[in-house]
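Work through the exercises below with the sequence and the structure open. Each task is followed by a solution in steps.

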Amino acid sequence: MSGETTAGDTALPDLSSLRRWLDSPLPPLRPPDPDLPRISIVVPSFNQARWLDDCLRSIRLQDYPGVEVIVMDGGSSDGSVGIIHRHAGALAHWQSGPDGGQAAGINAGLDRATGDLLGWLNSDDLLLPGALHTLARAAAAVQTAAWFQGDALELVDVAGELRPYPWSHDLSPERLAWAQTGCQPSLYWHRSLALRLDPTLHYALDWDLQNRLARTAPLVRVGGRLSVNRIHGDSKTRTGNVRMADEYYRITRRYGGSMSRSLLYRYGLWAAARHRARHGETWINRLWHRAAAGMLRRLHGEDSIYSFNWYHFA
């Protein structure tokens, strides 16, 4: 498409060019190429019909040979199943019904996957043009089981704004012990690592996986942006509550984060979530965010304010 950004570009695409790409004709399905790694993508979804078609189109439009797509729908009642039916010919498997939650549904999809590289794409997110070919080139350059992290864009629905995903680019085990960094839709790993998500987690499942990957296998940084992370009113990081704060606290303690960081995040997020649930987004929430971010900066350095989606409280 004219003016669009492909994975690996540095310029930001505009929403109209991204929309034109998503609406372009779907290419014919291509069989696996023995010279390319097989990529499996699990798409978990529950009542997200308004975004599901775009998500699946963004995978089809990669024109990647033999990409394996597995849709795990949690029993949607909003028309999602009809959308899945329209794409069924391009899916290795799909199902719709109670699945025990997002992590359990993704795990069930991963158990079915046969690809060399695994990942998941939430149904409200997108792949960018050329993302899977960029990932394949990065994978071809390594001779051992690894995990892969690319960059991303963030789409803020309410503002119609497309912007770089904010993260510190530090993916060391030490940093990941107390701060989530790296965008989940741009995360993949070799199937031989045999890792699954913790089904007891709802908000921090990707961050927990990053911690285990960082302690299990080498990291390969994928040049360029691979995905679009959508922020909307129903996003988990926007509707997060005390359970989200509790999970973040558990992860920091599980992987050796300091007590001061853990407690600050636990009670900082808890206070913000509790106030927002009772009163909506107000100046008090924003003031609390700035105070907590300033404390983080003084205690743990400038880039600590990227942590735990403080960005979305700003």
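## Exercise 1: A buried acid and its partner

Asp208 is buried, with a relative accessible area of 1%. The model is a predicted one.

Task: Find which residue forms a salt bridge with Asp208, and place both residues in the fold.

Solution.
- Step 1. Asp208 pairs with Arg254, and the closest N and O atoms are 2.8 Å apart.
- Step 2. This pair links distant parts of the chain: Asp208 belongs to helix H7 (residues 205-214) and Arg254 to helix H9 (residues 242-254), 46 residues apart.
- Step 3. Burial is assigned under 20% relative accessible area. Asp208, at 1%, therefore counts as buried, whereas Arg254, at 39%, is partly exposed.
- Step 4. The pair is also part of a network of salt bridges that links Asp198, Asp208, Arg212 and Arg254.

## Exercise 2: Two salt bridges to helix H2

Task: The structure holds ten salt bridges. Take the pairs Arg19 with Asp54 and Arg86 with Asp53, and state for each the distance and the elements involved.

Solution.
- Step 1. Start with the general principle: side chains of opposite charge can pair when their charged atoms come close.
- Step 2. In the salt bridge between Arg19 and Asp54, the closest N and O atoms are 2.8 Å apart. Arg19 sits in helix H1 (residues 15-22) and Asp54 in helix H2 (residues 49-60), so distant parts of the chain, 35 residues apart, are linked.
- Step 3. Arg19 is partly exposed, with a relative accessible area of 33%, while Asp54 is buried at 11%.
- Step 4. For Arg86 and Asp53, the closest N and O atoms are 3.7 Å apart. Arg86 is in helix H3 (residues 80-86) and Asp53 is in helix H2, so this pair ties together parts 33 residues apart in sequence.
- Step 5. With a relative accessible area of 59%, Arg86 is over the 50% cut-off and therefore counts as exposed.

## Exercise 3: Helix H4 and what covers it

Task: Which residues of H4 are buried, and what covers them? Then describe the surroundings of Arg112.

Solution.
- Step 1. The buried residues of H4 are Ala103, Gly105, Ile106, Asn107, Gly109 and Leu110.
- Step 2. Their cover includes strands S1 (39-45), S2 (68-73), S4 (117-120) and S8 (187-190), together with helix H7.
- Step 3. Arg112 is found in the same helix, H4 (residues 102-112). Its relative accessibility is 44%, so Arg112 counts as partly exposed.
- Step 4. Leaving out residues up to four places away in sequence, Arg112 touches Glu68, Ile70, His93 and Gln95.
- Step 5. The C-alpha atoms of Arg112 and Val42 are separated by 9.4 Å, although these residues are 70 apart along the chain.

## Exercise 4: The nonpolar cores

Task: Identify the residues with the most contacts inside the largest nonpolar core, and the element that gives the most to this core.

Solution.
- Step 1. The largest nonpolar core has 35 residues, and those with the most contacts inside it are Trp120, Trp147, Trp189, Leu197, Leu209 and Leu213.
- Step 2. At least two residues of this core come from each of S2, H4, S4, strand S6 (147-156), S8, H7 and H9.
- Step 3. The element that gives the most is H7, with five residues.
- Step 4. Beyond its neighbours within four places in sequence, Leu213 is in contact with Trp147, Leu187, Trp189, Leu193 and Leu195.
- Step 5. A second, separate core has 30 residues, among them Ile39, Val43, Ala49 and Val71.

## Exercise 5: The second largest pocket

Task: Describe the second largest pocket by its volume and its lining.

Solution.
- Step 1. The volume of the second largest pocket is about 290 Å³.
- Step 2. Its lining has 20 residues, and the closest to the centre are Leu29, Arg60, Gly66, Val67 and Ala90.
- Step 3. H2 and S2 are the elements that give two or more residues to this lining, and H2 gives the most, with three.
- Step 4. By class, the lining of the pocket has twelve nonpolar, three polar and five charged residues.

Conventions: Residues are numbered from 1 along each chain as its sequence is written. This is a predicted model: local features need pLDDT of at least 70, side-chain atom pairs count only at pLDDT 80 or more; totals for chains, interfaces and linings use all residues. Side-chain values use heavy atoms; hydrogens and water are left out. Helices (H or I, at least four residues) and strands (E, at least two) are DSSP runs, numbered from the N terminus. Buried means under 20% relative accessible area, exposed over 50%, partly exposed in between (1.4 Å probe, protein chains only). Contact means heavy atoms within 4.5 Å. A salt bridge is a side-chain nitrogen of Lys or Arg within 4 Å of a carboxyl oxygen of Asp or Glu. A nonpolar core is a set of buried Ala, Val, Leu, Ile, Met, Phe, Trp, Tyr and Cys residues joined through side-chain atoms within 4.5 Å. On a 1 Å grid over the protein atoms alone, a cavity is a set of points where a 1.4 Å probe fits but cannot get out, and a pocket is an open set with protein on both sides within 12 Å along at least five of seven lines; lining residues have an atom within 4 Å of a point. Grid points are joined across faces, edges and corners, and a volume is the space filled by probe spheres set on the points. Ala, Val, Leu, Ile, Met, Phe, Trp, Tyr, Cys and Pro count as nonpolar, Asp, Glu, Lys and Arg as charged, and the others, Gly among them, as polar.
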